[in-house]
Amino acid sequence: MPGSLLQLTSAPPHQQLTVRVPAAGVALTGKIQVPGDKSISHRALMLGAIAQGETRIQGLLLGEDPRSTAKCFQAMGVEVSDLEDEWVTVQGVGLGNLQEPADVLDAGNSGTTLRLMLGLLASHPDRFFTVTGDRSLRSRPMGRVITPLQQMGATIWGRQGNTLAPLAVQGQALKPTHYHSPIASAQVKSCVLLAGLLTDGPTTVTEPSLSRDHSERMLQAFGADLTVDQAACTVTVNGPTTLHGQTVIVPGDISSAAFWLVGAAIIPGSELVIENVGVNPTRTGVLEALQAMNADITLENERLVTGEPVADLRVRYSQLRGATFSGDLIPRMIDEIPILAVAALFAEGPTVIKDAAELRVKESDRLAVMAAELNRLGANVTELPDGLEISGGLSTLQGSTVDSFTDHRVGMSLAIAALRAQGTTVVQRAEAAAISYPTFLATLEQVCAS
């Protein structure tokens with residue numbers, strides 16, 4: 001790969017990525033592995049912290065979000081080894097034994113850290129907690145988890161009617177509940193289930209459709225008394241319970257793999273194998289969507305790793321076709337919609353994405369940002385109230401200056417789009433990728449071949 005293809009420059013506190021595609025173009029080839037699944041990494045750290053005994057974790061994501069989770073639990077008396085170790089160890093304190101921290105807990109940019117942790121903090125009687133995050137996280141809605149916790153008897157104060165961080169939590173002995181969630185959200189479901197671990201009786205969550213089920217799988221592996229009714233989209237945990245430390249092997253994150261799936265699918269001459277990717281059925285919406293668009297993706301070496309389905313994904317360039325995506329599929333690919341929008345630019349015919357209003361309250365308003373930034377590159381993307389309409393049919397984009405808005409998935413999606421642009425593309429605030437994929441640029445260099 002010519003050294004001039006990618007250039008990363010710093011203008012503290014930000015970085016910008018310059019992409020100059022040669023006239024001959026590039027192709028993505030080779031075998032790669034992606035970082036550990038972020039959702040599973042968070043949950044392994046949290047359940048290890050409240051279990052009895054030691055939990056050993058291999059393949060933990062070393063991004064900023066799991067580091068925030070580790071720091072929060074260390075501040076509450078949990079011993080966590082160096083996250084750079086091949087095997088990260090967590091010395092659990094046992095359920096109900098988190099210490100009252102001496103300072104404010106900082107969840108950084110991680111909505112998963114804050115929302116899931118609230119279920120544990122609220123259910124620890126006679127302890128007081130305060131928790132905050134960065135500017136982005138302080139603007140993201142917390143009422144969706146605070147409402148069910150208050151239904152269980154939680155005492156939580158926050159900005160704008162107890163809906164925004166910073167939050168103050170006075171731990172209480174909570175009561176069981178049956179919460180009918182208005183949205184399919186793994187964070188809401190997981191928060192309530194974690195709170196239910198210390199209640200006396202069954203705590204149940206019913207969703208309008210199935211959200212990702214990493215919490216259920218891992219809670220069962222750690223010994224929780226938990227039942228799942230998939231037909232009713234209902235999960236019940238019976239408390240109080242005891243969790244026991246486990247060995248967790250974290251598979252590659254399909255959300256990170258999605259950038260390479262799309263990159264190889266839209267760039268002629270590409271063929272990539274992405275090894276050891278988690279293919280949990282509640283997370284494979286992006287695979288189904290790309291295959292519906294005629295992407296050439298095959299699953300190889302399918303297997304189970306500590307209860308999670310894993311496979312190697314082989315993807316080759318193919319001519320995509322537009323499609324419409326909505327309904328129950330959306331929660332299973334909500335994080336991958338920004339990069340799916342990039343794929344749609346080069347599909348024959350229009351692509352319409354609906355029922356994705358949740359993207360407006362992520363690290364950025366991803367619907368508004370992706371529409372605006374892709375249009376800067378010469379695309380024709382229309383922002384809908386709950387989605388995007390993408391005209392498709394492009395053969396190339398035009399290089400321009402675009403902005404990640406400090407949103408990791410936006411920044412990486414724009415970097416992949418830049419590989420199909422003529423001239424020079426500059427992605428501002430490119431450092432955002434480190435939130436979930438610290439080695440993204442190194443992998444991009446690895447797979448590009450002229």
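How many salt bridges does a search of the whole structure find? The search finds 25. One caveat before the details: this is a predicted model.

Let me start with the charges. Side chains of opposite charge can pair when their charged atoms come close. Take lysine 38 and aspartate 65. They form a salt bridge, with the closest N and O atoms 3.2 Å apart. Lysine 38 is in helix H1, residues 38-50, and aspartate 65 is in helix H2, residues 64-74. That puts the partners 27 residues apart, so to speak a link between distant parts of the chain. Buried or exposed, these two, lysine 38 and aspartate 65? Both are buried.

Next, a residue with two partners to discuss: arginine 316. With glutamate 271, arginine 316 meets in a salt bridge at 3.3 Å, N to O. This pair also links distant parts of the chain, 45 residues apart. Glutamate 271 belongs to strand S16, residues 271-278, and arginine 316 to strand S18, residues 308-316. What about their accessibility? Glutamate 271 has a relative accessible area of 31%, which means partly exposed. Arginine 316 is partly exposed too, at 30%.

Now the other partner. Arginine 316 and aspartate 296 meet in a salt bridge at 3.8 Å, N to O. Aspartate 296 lies in strand S17, residues 296-305, and arginine 316 in S18, so this pair ties together parts 20 residues apart in sequence. Aspartate 296 is partly exposed, with a relative accessible area of 28%. Elsewhere, salt bridges that share partners build one network. Its members are Arg140, Arg212, Asp335, Lys362, Glu363, Arg366, Asp407 and Arg409.

On to the rings. How many aromatic pairs does the whole structure hold? The search finds 4. One of them is phenylalanine 259 with phenylalanine 440, edge-to-face, 6.0 Å centre to centre and 70° between the planes. Phenylalanine 259 sits in helix H8, residues 254-266, and phenylalanine 440 in helix H13, residues 440-447. The two are 181 residues apart, and the pair links distant parts of the chain. Phenylalanine 259 is buried, at 2% relative accessible area. Phenylalanine 440 is buried as well, also at 2%.

Phenylalanine 440 has another ring partner, tryptophan 260. Why does that pair count as stacked? The planes of tryptophan 260 and phenylalanine 440 are at 25°, and the cut-off for stacked is under 30 degrees. Their centres are 5.2 Å apart. Tryptophan 260 is in H8 and phenylalanine 440 in H13, so parts 180 residues apart in sequence are tied together. Tryptophan 260 has 0% relative accessibility and therefore counts as buried. Put the ring pairs together and you get a cluster of Phe259, Trp260, Tyr437 and Phe440.

Charges meet rings in this model, too. Where does arginine 56 lie relative to tryptophan 87? Arginine 56 is over the face of that ring, 4.2 Å from the ring centre. Arginine 420 makes a contact of this kind with phenylalanine 346: the charged end sits over the ring, 4.3 Å from its centre.

Now one helix. H6 covers residues 186-196, and 11 of its 11 residues are buried. Among them are Gln187, Lys189 and Ser190. Val188, Val192, Leu193 and Leu194 are also buried, as are Cys191 and Gly196.

Last, a sheet. Strands of a sheet pair through backbone hydrogen bonds, either parallel or antiparallel. What is the strand order in the open sheet of 4 strands? The order is S11-S12-S14-S13, with mixed pairing. S11, residues 178-180, and S13, residues 225-229, stand at the edges. Each has a single partner strand, so one side of each is left without a neighbour in the sheet. Neighbouring strands are turned by 15° against each other on average, direction ignored.

Inside that order, look at S12 and S14. S12 spans residues 201-206 and S14 residues 234-239. The two run antiparallel, joined by 6 bridges. For one position to check on screen, glycine 201 stands opposite glycine 239 in S14.

Conventions
Residues are numbered from 1 along each chain as its sequence is written. This is a predicted model: local features need pLDDT of at least 70, side-chain atom pairs count only at pLDDT 80 or more; totals for chains, interfaces and linings use all residues. Side-chain values use heavy atoms; hydrogens and water are left out. Rings of Phe, Tyr and Trp (its six-membered ring) pair if their centres lie within 6.5 Å; planes under 30 degrees apart count as stacked, over 60 as edge-to-face and the rest as tilted. Buried means under 20% relative accessible area, exposed over 50%, partly exposed in between (1.4 Å probe, protein chains only). A charge sits over a ring if NZ of Lys or CZ of Arg is within 6 Å of the ring centre and within 35 degrees of the ring normal. A salt bridge is a side-chain nitrogen of Lys or Arg within 4 Å of a carboxyl oxygen of Asp or Glu. Two strands pair if DSSP finds at least two bridges between them. Axes are lines fitted to C-alpha atoms, for helices over the stretch in contact, and angles run from 0 to 180 degrees between N-to-C directions.
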